Amino acid sequence: MKKLTAKSLSLILSMVAIATSQAPWEAIAQSSNPTYQGLGRDSLDAETLKRYAPPALPANVTRPIEAILDVRSPGMGMVTPDGKQMFFSWGVTGTSQVWRLDGAQRFPVQVTGGQDATTIAGMTVDGKYLLLSRDRQGEENPGLYLQSTKGGELEVIQHIKGVRTALQYVDNDGRTIYFSANDIKPDANIIYRYDLQTKQKVQISGGDGLWWIADVFVNPDTGKRQKFLFGKATGSLAREYYEYDVSTRTTKPLIGQGEQQEYSIQYGKTADEYLVLTPKFGEFRRLYRYQNQQFTPITPEIAADVDSFDIDDQRQRILYAINDGGYTRLQAIAANDFSAIKLPEFANADHVYAGSTTRNGRFTTIGVESAKAPRLSYVYDWQTQKLTQWVLPSTPEIDTSRFVAAELESYKAKDGTDIPMFVYRSPACTNNSQNPLAKPCPVVVHFHGGPEGQSVPGFNRYAQLFVNAGFVFVEPNVRGSDGYGKTWLNADNGRDRLKVIGDIEDAALHIRRNWQVNGIEPKVGVTGGSYGGYATLIAMSKFAGSYDAGVSNVGMSNLVTFLNNTAPYRRILRISEYGDPVKDRQALLELSPITYSDRIKAPLLIIQGANDPRVPVGEAVQMQKLLEQKNIPSQLVIFADEGHGSSKRSNQVLQIGYTLDFFKKHLLN
């Protein structure tokens, strides 16, 4: 990889010296050489890492953040087939590790340790072994491990530097598993069969593409694998599915070929029946039965997405979640006739969703979340219809009943479209209009990642930190967000992003115009991570003047260099969302914050992980160097041991601390 040196950085600076008679994106296009190459920590020199290393923060800044980060819930977890133990991931040590409960609300026992983030990926059908995923330094190239449910040393199944290894399926025989890995080509997933006893792996798929095992149909009479459903990603949401018949050893296309359509598929009650989640036949995702090449809807037609679904391995029940304007509702139907099945009810819940179901179909984990408490994890026994809370959340030194709930509001874009947003206001910011001497509370607008993500209400520690500090915290769902139908979701694809990117500016214009107190406009800041980081950079550059300060976390500054340098396995998925770096180069440059860097006047903080495989660290460095050359008030912080966001608790404290301190300095004063 080519390091980001002074020579390569000079190419960046030369871009701004091209004739002013050209459009800015045309000027950038004339620079034929890339401004940087590669990704990860190795793409930077030691001097750059040292220069932008995270500085320490005083205790009065970090202590409130540490306290609120202690308010957390463990992962949903997996229950053993007999319902006597639960294993779950928990970050209480500072990094995610795996824990065990030997009964409901018992004292948790830690079963993995160290500084590498470790999560539970699966369990053998007999409940004797765990399959674990372990990452290093935020690289997002995890390895797969085996551990006895009694604890002890981890056994490496596969962990190769620069390779993503992921569990796909655990067989009923107790010794065979399947996993995927991009160890042959960096932009293609190969499926392997692995024997836990002989330690031998066998390649069962080949060729190009990002493949996974979507489902396996097991013959109910023999208990043997009968058919495999293989999925292949052809875009950010588009999928193709293929079916492999074990008896005939033949593979046939099933659905999605040549369509560029969004599908999610599992087997139904029988081997020739399929459950298909798709928005193909309407505005919203709906669940269908697919048989004899015919689609039959099995969920009601409503103005909301069926967000996800799952069928248990015994093919008895289908659980599906509805995304109702950002709130999650859990439903259940019988797999044989699709009749409704009654579920436990939870009062005042913002989100209710299912976790995993044991292989025998008896126990299902259920998560319940509200604005006032961390997620509660339950286990539902389908046989006895008994609901038991297993995991107790931690709320040390914090009274979560005082947390502010989100209010659903909206603002109008320039073309008259209503953009939904969730707003968190403290009582002090709600009633200050009655005071003739009062000023408006400053506002921080937070844009979600994705861009196919969605901001939702519920328990939000991050929002509460801003509320406690005296800000109004706003989370818009601009066009391109999930949860509002396929027209909304696809409104920003490729060149169409140029038509709706103004939604970012319009949020600030609405706030300044409508949230004045005594004729005084509020100060407005902008922040976000990943695509939200990009939105922040665009807000501060293309829409300069709309926001008073910005904090961009792992955001893209140049969509062309981003697409050319992001991890190969992600490139095909991101091109379908943003555009092709060759065919759509002009549009991509017109949409790139670096094109408008000369407009930036307000203070800007950029935060980045050196090992980020999604948004290369060069995206942050090239923007910061331009800002330094222009003497624009800016700061860059690079975490050498993190990737796409901070996973270690100590780094999370610093990342949030820099953000809050920055907005206090520039918005509160």
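The legends below describe close-up views of a predicted model.

**Figure 1. Salt bridge between K201 and D183.** The closest N and O atoms of K201 and D183 are 3.4 Å apart. K201 belongs to strand β12 (residues 201–203), while D183 sits in the loop between β10 (176–181) and β11 (190–195), so the contact ties together parts that are 18 residues apart in sequence. Both partners fall in the partly exposed class: K201 has a relative accessibility of 36%, and D183 has a relative accessible area of 25%. The pair belongs to a set of 38 salt bridges found by a search of the whole structure.

**Figure 2. Salt bridge between R425 and E409.** The side chains of R425 and E409 meet at an N to O distance of 2.5 Å. R425 is placed in the loop between β29 (418–424) and α5 (427–430), and E409 in strand β28 (residues 407–412), so the pair ties together parts that are 16 residues apart in sequence. R425 is buried, at 19% relative accessible area, because the limit for buried is under 20%. E409, at 23% relative accessibility, is partly exposed.

**Figure 3. Salt bridge between K414 and D506.** The N to O distance between the side chains of K414 and D506 is 2.5 Å. This pair links distant parts of the chain, with K414 in the loop between β28 and β29 and D506 in helix α9 (residues 503–514), 92 residues apart. K414 is exposed, with a relative accessible area of 58%, whereas D506 is buried, with a relative accessible area of 4%.

**Figure 4. Salt-bridge network of E262, R285, D305 and D482.** These four residues, E262, R285, D305 and D482, are joined into one network by salt bridges that share partners.

**Figure 5. Buried residues of helix α4 and their packing.** Helix α4 spans residues 59–69, and its buried residues include V61, T62 and I65. A67, I68 and L69 in the same helix are buried as well. The buried residues of α4 pack against two other helices, α6 (461–468) and α15 (649–668).

**Figure 6. Aromatic pair F179 and Y194.** The count of aromatic pairs in the structure comes to 32. In the pair shown, the rings of F179 and Y194 are tilted, with 6.2 Å centre to centre and 55 degrees between the planes. F179 lies in strand β10 and Y194 in strand β11, so the pair ties together parts that are 15 residues apart in sequence. Both residues are buried: the relative accessible area of F179 is 0%, and the relative accessibility of Y194 is 5%.

**Figure 7. Aromatic pair Y288 and F295 and the surrounding cluster.** Y288 and F295 are arranged edge-to-face, with 6.0 Å centre to centre and 90 degrees between the planes. Y288 is buried, with a relative accessible area of 6%, whereas F295 is partly exposed, at 23%. Both belong to one aromatic cluster, which also holds F217, Y267, Y274, F281 and Y290.

**Figure 8. Arginine side chains over aromatic rings.** The charged end of R134 sits over the ring of Y145, at 5.9 Å from the ring centre. In a second case, the charged end of R317 sits over the ring of W382, 4.1 Å from its centre.

**Figure 9. Open four-stranded sheet β1-β2-β3-β4.** Four strands form this sheet in the order β1-β2-β3-β4, with antiparallel pairing. β1 (78–79) and β4 (109–110) are the edge strands, each pairing on one side only. Strand β3 (residues 97–101) pairs with β4 over two bridges, in the antiparallel sense. W99 has Q110 of β4 as its bridge partner.

**Figure 10. Hairpin of β24 and β25.** Strand β24 (residues 351–357) and strand β25 (residues 363–370) are antiparallel and pair over five bridges. The bridge partner of H351 in β25 is E369. Five residues lie between the two strands of the hairpin, and G361 in the turn has a positive phi of about 80 degrees.

How values were computed
Residues are numbered from 1 along each chain as its sequence is written. This is a predicted model: local features need pLDDT of at least 70, side-chain atom pairs count only at pLDDT 80 or more; totals for chains, interfaces and linings use all residues. Side-chain values use heavy atoms; hydrogens and water are left out. Buried means under 20% relative accessible area, exposed over 50%, partly exposed in between (1.4 Å probe, protein chains only). Contact means heavy atoms within 4.5 Å. Rings of Phe, Tyr and Trp (its six-membered ring) pair if their centres lie within 6.5 Å; planes under 30 degrees apart count as stacked, over 60 as edge-to-face and the rest as tilted. A charge sits over a ring if NZ of Lys or CZ of Arg is within 6 Å of the ring centre and within 35 degrees of the ring normal. Two strands pair if DSSP finds at least two bridges between them.
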